[in-house]
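Below is a short note for someone opening this entry without prior knowledge of it. Please read the points with the structure at hand.

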Amino acid sequence: MREDQQRPVHLYNHQRNKFFITTKLFTHTTVYVIIVLLSYTLGYLSHSSPPPPPPPLPPPPSVFQLASLPTQLDNFRVAAHCSNSPLSPYLVFPTILQRVFQGSSPYTDFPPPHLRYILKPKRIRGWGSNGDVFEHLIKRVKPKLIVEVGTFLGASALHMVNVTRKLGLQTQILCLDDFRGWPGFRDRFKDINDINGDVLLLQQFMQNVVYFNATGSILPVPFSTRSGLEKLCEWGIMADLLEIDAGHDFISAWGDINGAYRILKPGGVIFGHDYFTAADNHGVRRAVNLFAQINHLNIRTDGQHWVIDTALVRKF
């Protein structure tokens, strides 16, 4: 009777242990399956989601923002030494003759015999060479010395000689140019001769000066604009009026303007051609605007020319 009463309890305990074991196994298996499914899902989502877009780049600095960054502009500044003693205007031509032409005039016995049948006076061609701006500025400045940076065949220089003669001024003009032209210019100027590949731009320029009886007023300085301006500054040659009309890309115009500004007398005027061209604000105009902005100077225009009068400082 006692065994019969204990038997059900034993069976009940056995069944309960079996249930616990089964439940425990089921729970472990379920947790494992859930972890695997979650890992797979997270991996899939992280792989299929596109990466976040990169942050937008800041816009490039404008011309006037660049003007406030002196460390960047230092690479474009002219740093050659200049004389502390400006040369008298009456000593400019003798100095050029001595330092460039070994003391004698380049026009002496010009043209030489072997060029007399090659060089002929030509119609002086230029760009904006007879504009009203020349007479306007010469009347206002009454310059004793004009430096022209970029002269080609001398059209604007000869025009300025005529203006100064009409006004009764004793003005000397230095024409700074390497007299090599530019690649491809012979396609446009087919009548300019050469000898053994040496184009005769300097000789033709001098022939034009001789023909118009301007040898006492005009001297060529046959060097690149950069090296020529550095030497003029080193020799103490200071101009009352400066014309810039050489390279028309930004770097060339920027270098010419900054180099020429160092040989401009206080209160003088610097001006140039090609302010309005197809290059828009990528060439001469950009260089002029940046230069004026940095030096707090005003720009005005006269036809196709830009003019900066250093006597008129911008007021803020």
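**Notes on the predicted model**

1. Strands β2 and β5. Strand β2 (residues 172-176) and strand β5 run parallel and are joined by four bridges. One position where the pairing can be found is C175, whose bridge partner in β5 is P220. The model is predicted, and this pairing, like the other points below, should be read as a feature of a predicted model.

2. The two sides of β5. Strand β5 covers residues 218-221. Which residues of β5 point one way and which the other way? I218 and P220 point one way, while L219 and V221 point the other way. The four residues are all buried. P220, the bridge partner of C175, is therefore buried on the side it shares with I218.

3. The cavity. How many cavities of 30 Å³ or more does a search of the whole structure find? The search finds one. The space in the largest cavity is about 50 Å³. Its lining consists of I244, D245, A246, G247, H248, A253, H273, V284 and W306. By type, this lining has five nonpolar residues, three polar ones and one charged one. The charged residue is D245, because Asp counts as charged and none of the other lining residues is Asp, Glu, Lys or Arg.

4. The second largest pocket. This pocket has a volume of about 250 Å³. It is lined by 14 residues, and those closest to its centre are K144, L169, Q170, T171 and Q172. Helix α6 (residues 155-166) supplies the largest share of the lining, with three residues. The lining divides into six polar, five nonpolar and three charged residues. Q172, one of the residues closest to the pocket centre, is also within the range of strand β2, residues 172-176.

5. Aromatic pairs. A search of the whole structure finds seven aromatic pairs. In one of them, the ring centres of Y211 and F212 are 5.2 Å apart and the planes stand at 85 degrees, so this pair is edge-to-face. Y211 is exposed, at 53% relative accessibility, and F212 is partly exposed, at 40%. Another pair, F250 and W254, is stacked, with 6.1 Å from centre to centre and 25 degrees between the planes.

6. The stacked pair in its helix. F250 and W254 both belong to helix α9 (residues 250-261). They are four residues apart, which is about one turn of the helix. Are these two residues buried or exposed? F250 is buried, with a relative accessible area of 11%, and W254 is buried too, with a relative accessible area of 3%. Both values count as buried because they are under 20%.

7. Charges over rings. F250 has a further contact: R286 lies over the face of its ring, at 4.2 Å from the ring centre. A second case involves R285, whose charged end sits over the ring of Y275, 5.6 Å from its centre.

8. Residue E230. E230 is in helix α8 (residues 225-234). At 28% relative accessibility, E230 counts as partly exposed. The C-alpha atoms of E230 and A260 are separated by 8.7 Å, although the two residues are 30 residues apart along the chain. A260 falls within the range of helix α9, residues 250-261.

9. The loop between α4 and α5. This loop lies between α4 (92-101) and α5 (132-141) and contains P111. Most residues other than glycine have a negative phi, and most peptide bonds are trans. Where does the chain have a cis peptide bond? One joins F110 and P111, with omega about 0 degrees. D109 lies in this loop as well, and its phi is near 55 degrees, a positive value in a residue other than glycine. D109 is exposed, at 67% relative accessibility.

10. The loop between α5 and β1. K142 is found in the loop between α5 and β1 (145-149). Phi of K142 is also positive, near 50 degrees, in a residue other than glycine. K142 counts as exposed, with a relative accessible area of 54%, because that value is over 50%.

Conventions:
Residues numbered from 1 in each chain as written. Predicted model: local features only at pLDDT ≥ 70, side-chain atom pairs only at ≥ 80, totals over all residues. Heavy atoms only, no water. 1 Å grid on protein atoms, 1.4 Å probe; cavity = no way out; pocket = protein on both sides within 12 Å on 5 of 7 lines; lining within 4 Å. Points joined across faces, edges and corners; volume = space filled by probe spheres on them. Buried < 20%, exposed > 50% of the residue type's maximum accessible area, 1.4 Å probe, protein only. Pairing = 2+ DSSP bridges. Phe/Tyr/Trp six-rings, centres within 6.5 Å; stacked < 30°, edge-to-face > 60°. Lys NZ or Arg CZ within 6 Å of the ring centre and 35° of its normal.
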